[in-house]
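Me: I am new to this structure. Please pick one part of it, look at it closely, and then place that part in its surroundings.

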Amino acid sequence: MSAADTTDAGIPVAPVYAEVDVAAGLAERLGAPGAPPFTRGPYPTMYRGQLWTMRQFAGFGSPEDANARFKFLLERGQSALSVAFDLPTQLGYDSANPAARADVGRVGVAVDTADDMVDLFDGIPLDRISVNFTINATAPIILAMYLVAAERQGAASVDLAGTLQNDILKEFLARKTFIYPPAPSLRLSCDVIEYAAGALPRFNPISITGYHAREAGCDAVQELALALANAIAYGEALVARGLAFDSFAPRLSFHFATTMDLFEEVAKLRAARRLWYRIATERFGAAEPSSGRLRFFSGNSGTTLTAQQPLNNVVRSTIQCLGAVLGGAQSIHVMGYDEAYEIPSEEAVTLSLRTQQIIALESGVARTADPLAGSYFVEALTDELEARARALLDELDAAGGAAAAIEAGMPQRWIAESAYRLEREVSTGERPRVGVNVYATDGDGGALGEMFAADPGVAERHAARTAERVAARDADACRAATDAVMVAARGGGNVMPPLIDATRAGATLGELADVFRSVFGEFREPQLW
Amino acid sequence: MSPARVVLAKPGLDGHDRGIKVVAMALRDAGAEVVYLGLRRTPEEIWRAAVDEDADVVGVSVLSGAHIALAAELVAERMRAGADIPLVVGGTVPAEDAETLRAMGVEAVHPVGTSLPLVVDSVLALGARERTA
């Protein structure tokens with residue numbers, strides 16, 4: 001069977017579907033929107049009640065640079081923020097660190113101190129604008145700095161809404177911004193979730209993410225299984241601490257890719273909700289329906305965008321955004337058409353936001369919940385994705401669960417092999433890519449308009465600013481607060497309260513990450529290649 | 001004898017390793033001997049490994065936009081280490097940056113969108129050139 005007759009995940013597709021192709025018991029598998037098993041969506045009226053949150057991922061340069069881009073987006077009708085941090089911030093290095101120099105302010109904003117976080121949100125009321133933070137290994141430190149910034153604005157923590165990615169397990173699978181070994185990393189993630197369960201009722205302390213494994217090369221079925229296996233691992237770790245599942249599960253959120261195979265993607269998102277409901281009730285004995293109600297953010301796929309004929313990417317992103325909407329996403333990011341090369345230009349990011357707004361306001365797809373329900377094809381595909389993902393979850397269980405499987409390198413191999421297979425299919429032309437292996441024309445590369453220009457002086461300026469702030473802080477108070485973080489890290493108490501105190505006292509991200517490095521050590525990825 | 005010995009690595013802090021693993025697998029399928037050093041490798045580590053492994057070609061991949069700064073460090077360290085081995089750079093490299101990289105002493109640049117067979121042919125050709133040099 002060729003790629004033309006199967007979905008992206010290799011599921012055979014018949015020329016026509018009919019009633020006979022949908023297994024009996026569909027009504028029970030669907031339920032109503034907003035009701036178990038939530039196949040049709042987490043809320044009864046879906047987008048009629050509230051549109052999805054339009055949340056373009058943004059950040060570069062200094063906190064002031066990123067703040068200006070945030071305001072640019074909010075002025076154009078974006079409804080919430082999503083912060084991209086630079087790699088040094090993600091990996092626990094201050095801007096002055098020699099290991100960080102080349103990467104300061106490149107893929108995101110540089111944040112060294114709580115004062116930087118105050119600057120990042122200058123003029124943006126944190127009790128009214130929800131903020132997503134794509135941060136993992138240093139998530140507890142970044143959350144602490146955000147809470148200090150909110151406190152300085154006078155915002156009450158009960159009003160803070162947003163999401164911290166904080167899904168460290170998937171960093172070992174893909175994305176790779178881990179610092180510490182898996183076990184202490186998992187402990188830090190769980191400290192955040194436990195802290196938020198008491199203190200931050202409107203905040204999602206984790207976004208359990210299949211997206212990066214998918215972008216690294218796995219297929220839709222593997223994406224489902226890997227995200228849910230990680231969700232199970234967090235759930236088990238928190239229950240093992242003595243927390244009731246229902247005390248934290250309603251605030252767990254998810255993140256899936258939405259790529260080009262429209263119906264497979266919609267089916268995947270519907271299957272994800274049903275799978276999680278079953279896991280929550282059958283495995284964890286959830287009593288609250290909201291514990292099994294999966295809510296997710298969808299990032300469109302950067303790897304489907306091409307450097308050749310870049311305007312074609314606008315069309316690709318439109319289809320992907322539509323897939324996320326038909327799949328019932330709670331918030332969406334649309335890629336910039338120039339992202340194969342650079343941070344999106346203002347023109348590209350505006351077009352991404354307009355893509356969402358046109359789908360929301362002009363296409364009519366937001367009028368009714370789960371509009372594809374009952375389609376013979378979509379229901380058959382939803383059932384098939386669910387069954388295949390369950391089979392993979394069983395394999396991961398048999399391997400000892402997500403953490404053990406990751407340590408053994410099993411899912412990493414799935415991802416790399418699938419990426420290689422896809423790339424060969426593109427090379428041979430078996431998998432069409434318009435403008436790349438079909439309808440390609442000479443001189444297609446780099447035909448972009450205005451390009452984003454990175455600021456080469458940002459590392460030096462930001463390092464100098466942090467040095468001034470370090471010189472101005474009360475050194476004794478800061479040292480005492482940092483020592484308290486060390487005590488919590490060593491002793492097993494929740495690190496969040498001392499981290500908040502330490503960032504308030506002016507401790508830097510690099511200093512606090514070093515405290516954890518000294519207690520937990522650093523992880524070096526085993527080479528499976 | 002294999003057509004080339006290739007050392008691959010990710011310099012800087014960028015974790016996007018899909019591309020470099022795909023290239024590693026494709027080079028191996030083409031008969032090359034490939035050592036992939038992994039993530040966050042310093043210029044010193046990369047050239048030490050290249051010399052120890054008697055590499056014909058060194059390939060690095062950068063998708064964070066830091067390719068110019070990182071290539072500059074790599075080219076400088078290659079000279080310090082006295083390693084006369086061609087360097088290939090792949091990643092999110094705009095056309096004008098590709099020229100800058102070549103002018104700095106990078107032998108070949110393969111921006112995103114380069115076809116896999118083209119990358120393999122380029123690396124193997126550099127390897128063959130080294131062996132006949």
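Reply: The part chosen is the side of chain B that touches chain A: 27 residues of chain B are in contact with 30 residues of chain A, two residues being in contact if their C-beta atoms, placed from the backbone, lie within 7 Å. This is a predicted model, in which local features need pLDDT of at least 70 and side-chain atom pairs count only at pLDDT 80 or more, while totals for chains, interfaces and linings use all residues. Residues are numbered from 1 along each chain as its sequence is written, and chains are lettered from A and ligands numbered from 1 in the order in which they are written.

On the side of chain B that touches chain A, two or more residues each come from α1 (18–29), α3 (67–81) and α5 (116–132) of chain B. Helices here are DSSP runs of H or I with at least four residues, strands are runs of E with at least two, and both are numbered from the N terminus. The greatest contribution is that of α1(B), with five residues. By kind, this side of chain B has 15 nonpolar, eight polar and four charged residues. In that count Ala, Val, Leu, Ile, Met, Phe, Trp, Tyr, Cys and Pro are nonpolar, Asp, Glu, Lys and Arg are charged, and the others, Gly among them, are polar.

The chain behind this side has five helices and five strands. From the N terminus on, the elements of chain B run β-α-β-α-β-α-β-α-β-α. The C-alpha trace of chain B spans about 35 × 35 × 25 Å along its principal axes. Its radius of gyration, taken over C-alpha atoms, is 13 Å, which agrees with the value near 14 Å for a compact globule of 133 residues; the globule rule is 2.2 Å times the number of residues to the power 0.38. Of the 133 residues, 56% count as buried. A residue is buried if 20 or more other C-beta atoms lie within 10 Å of its own, exposed if 12 or fewer, and partly exposed in between, with C-beta atoms placed from the backbone.

Both chains have residues in the largest nonpolar core. Of its 201 residues, A:M145, A:L224, A:L228, B:V6, B:L8 and B:V89 touch the most other members. Such a core is a set of buried Ala, Val, Leu, Ile, Met, Phe, Trp, Tyr and Cys residues joined through C-beta atoms within 7 Å. Helix α9 (residues 220–240) of chain A supplies the largest share of this core, 13 residues. On the chain B side, the contacts of B:V6 beyond its neighbours within four places in sequence include B:L27, B:A32, B:V34, B:V57 and B:V123.

The partner, chain A, has 20 helices and 10 strands. Chain A is as compact as a globular protein of 529 residues, because its radius of gyration of 23 Å is close to the 24 Å of the globule rule. The C-alpha atoms of chain A fill a box of roughly 75 × 60 × 50 Å along the principal axes, and buried residues make up 55% of the chain.

In chain A, α9(A) lies across β7 and β8, running at about 140° to β7(A); axes are lines fitted to C-alpha atoms, for helices over the stretch in contact, and angles run from 0 to 180 degrees between N-to-C directions. β7(A) belongs to an open sheet of five strands with the order β1-β10-β9-β8-β7 and parallel pairing, where two strands pair if DSSP finds at least two bridges between them. The edge strands of this sheet are β1 (53–54) and β7 of chain A, each pairing on one side only. Strand β7(A) is joined to strand β8 (residues 252–258) by four bridges in the parallel sense, with A:S207 opposite A:S253. At the other edge, two bridges join β1(A) to strand β10 (residues 331–333), which run parallel; there A:T53 has A:S331 as its bridge partner. Along β7(A), A:I206 and A:I208 point one way and A:S207 and A:T209 the other, and all are buried.

The loop between α1 and β1 of chain A holds A:F38. A:F38 is not a glycine, yet has a positive phi, near 65°. A cis peptide bond, with omega of about 0°, joins A:P36 and A:P37. Most residues other than glycine have a negative phi, and most peptide bonds are trans.
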